[in-house]
Amino acid sequence: MTLKKVNPDLEKERSTCTFNIEELTNLLDTGAHCTAERRAVEDKVFSVKELKDEIPDEFLSHKERYENAIRKSVFLHKVLQETGVKRGVYNRSDKSDFRTTYYSIFKDGSPFMLQYSMFVPTILGQGDSEQVELWYKRALNMEIIGTYAQTELGHGTFIRGLETEAVYDEKTEEFILNSPSLSSYKWWPGGLGHTTNYCIVMAQLKIKGKPYGMQPFIVQIRDEETHMPLPGVKVGEIGAKLAFNTVNNGFLGFEHVRIPRRHMLMRFSQVSKDGKFTSSANPKLAYGTMVMVRVTIVNSAATYLSRAVTIAIRYSAVRHQSKLKQNEPEPQILDYVTQQHKLFIGIATSHAYMFCSYWLWDVYVMYQKEQNVGNFDRLPELHALACCLKVISSSDCTGLVEKCRMSCGGHGFMMSSNLPQLYGISTATCTYEGENTVMLLQTARALVKAWELGSRGRPFSPTMSYFAEKNVPSKWDSSLEGILNAFQKVSIGKLSSSVSSLQEYTKSGLSAEDAWNKASVQLIGAAEAWGRAVVLSIYKSEIERYGQTVSPALKSVLFDLVELYYVHLTLEKMGDLLLYTQLSEKDVVSLRKKYEDLLEKIRPNAIGLVDAFDYRDEVLNSTLGSYDGFAYERLMTEAMKSPLNAEPVNQSFHKYIKPLMKGKL
Ligand SMILES: CCCCCCCCCC/C=C\CCCCCCCC(=O)SCCNC(=O)CCNC(=O)[C@H](O)C(C)(C)COP(=O)(O)OP(=O)(O)OC[C@H]1O[C@@H](n2cnc3c(N)ncnc32)[C@H](O)[C@@H]1OP(=O)(O)O
Ligand SMILES: Cc1cc2nc3c(=O)[nH]c(=O)nc-3n(C[C@H](O)[C@H](O)[C@H](O)COP(=O)(O)OP(=O)(O)OC[C@H]3O[C@@H](n4cnc5c(N)ncnc54)[C@H](O)[C@@H]3O)c2cc1C
């Protein structure tokens, strides 16, 4: 099929863009040098023919898909090694550490994913210098391939309830790993099924019968030559899932497997040869990898959404359907204001979480530096921020990815659109690295504690400082500052009511735990409200900061999106605002008009805005979202790859349908 260069609809859209797309790309990439570096890596990666799929993955069997993913992971590793990309070292954004490039090669994840995302970072974060020297090098060279094995069949959320034991035997200076029950089997770790030969096992340390809490151990599970499971190791794959089907998530059980003492990662806590336990300065340091991954999820969530919204907006610009005006041709579906309502918030939300993720990453890096000199003061606030922003970014972005899919009508249901797969990998972020409700409850725990300490005169941490302000009613103000203040009032109102309920429930005789459980719906509302106030505040202040350095044309578009985000959220959360602020019906009417005006203002820049995410066709992997906009041609080309289309009549016709038709069954 010969294609014209670009669909005229997209050509027209690109001509209405009011800002410099490259300038926005550089800003989103955290610098022009990051864009250049990323593009150079992409040029290299996408020129490798072995990394292209001849048959779409969805037409392969489970086993073939796994084998194909391993083949590509190995080629990709080689290419990235040649380009000098640091694997296992996170950066401020998915794009600048090449995660997006990496994972675009796999629509459903790579079996090496956990090697890079958790195995190596845990060695770096939890190992002492000697252990880092030994294991990091081996992992980086892929001499060993590992994963992070924490979750068990019986427990994922409740880490203190994990059952896998590591019992110290001082006679042999070894730990004995044991899985005492079926529910203690590790369940879920990526790559564990048939890919990894080592893993970090989180297990309950016991010395002379005394428990010392959960600690990280580096455990060999397969022979380095034959890849056979080692004696006492029971390992396999957990089966088909909603997504991540090429990640090779696995199960793992131990029958008294011995490992050397120095295989416990000992940066924070140590066990001496004679079995003396030295505790870390803060027992939660063993949970450090989770904090780091939660921080990075905020950017991943924004990135998944930016891919989905690029596909949906490009498709909406080339798709014509129905009639707006009787005597005119069918309009582009992007001209329907309801379609703009579904999609433009996706661009704004992606920006909001991207800019927040850069800020959060910087907070994390600052904490890391302080932690290295023994200062853990920032950890409680960082933990609350990481939990809460992980939750609202993953749930908002996943909801909007699904909205993008539905906005493409029937074609969004096609696997070749890549929207179902994007939904799959996005919705997983709501569960992994701490299930979202549980993470909100962790956030609420920190908020309630801060509130109670604050009421006794203790200062609030920076993101909670507005708790100190008196919740006095003031006239509604629809400026950005006014809306931010209103959301802070909602946050104070919800937290204050939750705390009152907790106090009332305990006064009425409930235990602290029962009172907490009874008030928990309120508590997660308070946690979410704090997260909203943080995101509104950081998104606005980051754009104000960048606004001073970018061109006036770009600044204006960036602020259109900030306004859209603010007004959209105000209309969405109207109930809370009516309860806790002076918002009136008249204000709502004028905000609705403002929202409609903003959609109209953003419309000419819609394609420019998604082009600025700068996703090559190979990254989007979508029949609907390609840069040239030839969606129908691509749909047909992909349909022809269905194995059923290889022959005009399938043998099942002769075997079953014909006898049925002839009444000869
Ligand atoms: C080219 C390639 C480029 C390479 C670059 C790498 C790129 C790779 C990219 C890949 C991208 C994405 C891939 C990601 C794949 C990840 C797959 C998923 C992996 C997993 O899911 S691993 C398993 C995760 N599991 C969890 O998250 C479990 C959740 N549960 C918990 O965290 C805890 O159990 C808990 C719910 C927090 C409760 O813990 P606990 O009962 O011990 O604590 P309490 O509630 O009693 O609280 C005590 C006290 O401690 C504080 N606290 C709790 N957690 C932490 C923490 N993590 N840090 C600091 N403090 C913490 C809590 O606040 C309490 O404090 P207080 O007493 O109130 O003062
Ligand atoms: C795609 C994917 C990849 C994964 N990869 C890994 C990996 O590589 N390594 C690894 O170790 N793990 C991995 N996991 C496991 C993951 O971390 C856990 O599934 C997750 O932490 C949730 O725990 P759970 O499954 O035990 O859920 P549960 O805790 O059983 O949650 C079930 C329900 O119970 C509720 N609930 C639980 N506790 C509470 C509470 N205290 N208060 C209120 N409600 C509660 C939850 O809100 C939820 O509604 C992965 C999971 C997925 C889906």
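Which helices each supply at least two residues of the shell around ligand 1? In this predicted model, where local features need pLDDT of at least 70, side-chain atom pairs count only at pLDDT 80 or more, and totals for chains, interfaces and linings use all residues, the numbering runs from 1 along each chain as its sequence is written. Chains are lettered from A and ligands numbered from 1 in the order in which they are written, and side-chain values use heavy atoms, with hydrogens and water left out.

The helices turn out to be H5 (99–104), H6 (113–126), H8 (288–318), H10 (379–407) and H12 (436–455); helices here are DSSP runs (H or I) of at least four residues and strands (E) of at least two, numbered from the N terminus. The shell itself holds 34 residues, and Thr157, Lys284, Tyr287, Arg445 and Lys449 are the closest; to belong, a residue needs a heavy atom within 4 Å of the ligand.

Tyr287 also puts a polar side-chain atom 2.8 Å from an oxygen atom of ligand 1. The protein covers 87% of the 1,400 Å² of accessible area that ligand 1 has on its own (Shrake-Rupley method, 1.4 Å probe).

Now for the UniProt record: its unreviewed entry lists Thr151 and Gly190 under "binding site", though such annotations may be inferred rather than shown by experiment. They span 40 residues in sequence, yet no two of their C-alpha atoms are more than 11.0 Å apart, so they gather at one spot. Thr151 sits in the loop between strands E1 (148–149) and E2 (165–169), while Gly190 is in the loop between strands E4 (186–187) and E5 (198–207).

Notes. A polar contact is a pair of N or O atoms within 3.5 Å; within protein, one must be able to donate a hydrogen and the other to accept it, and residues adjacent in sequence count only if both atoms are side-chain atoms.
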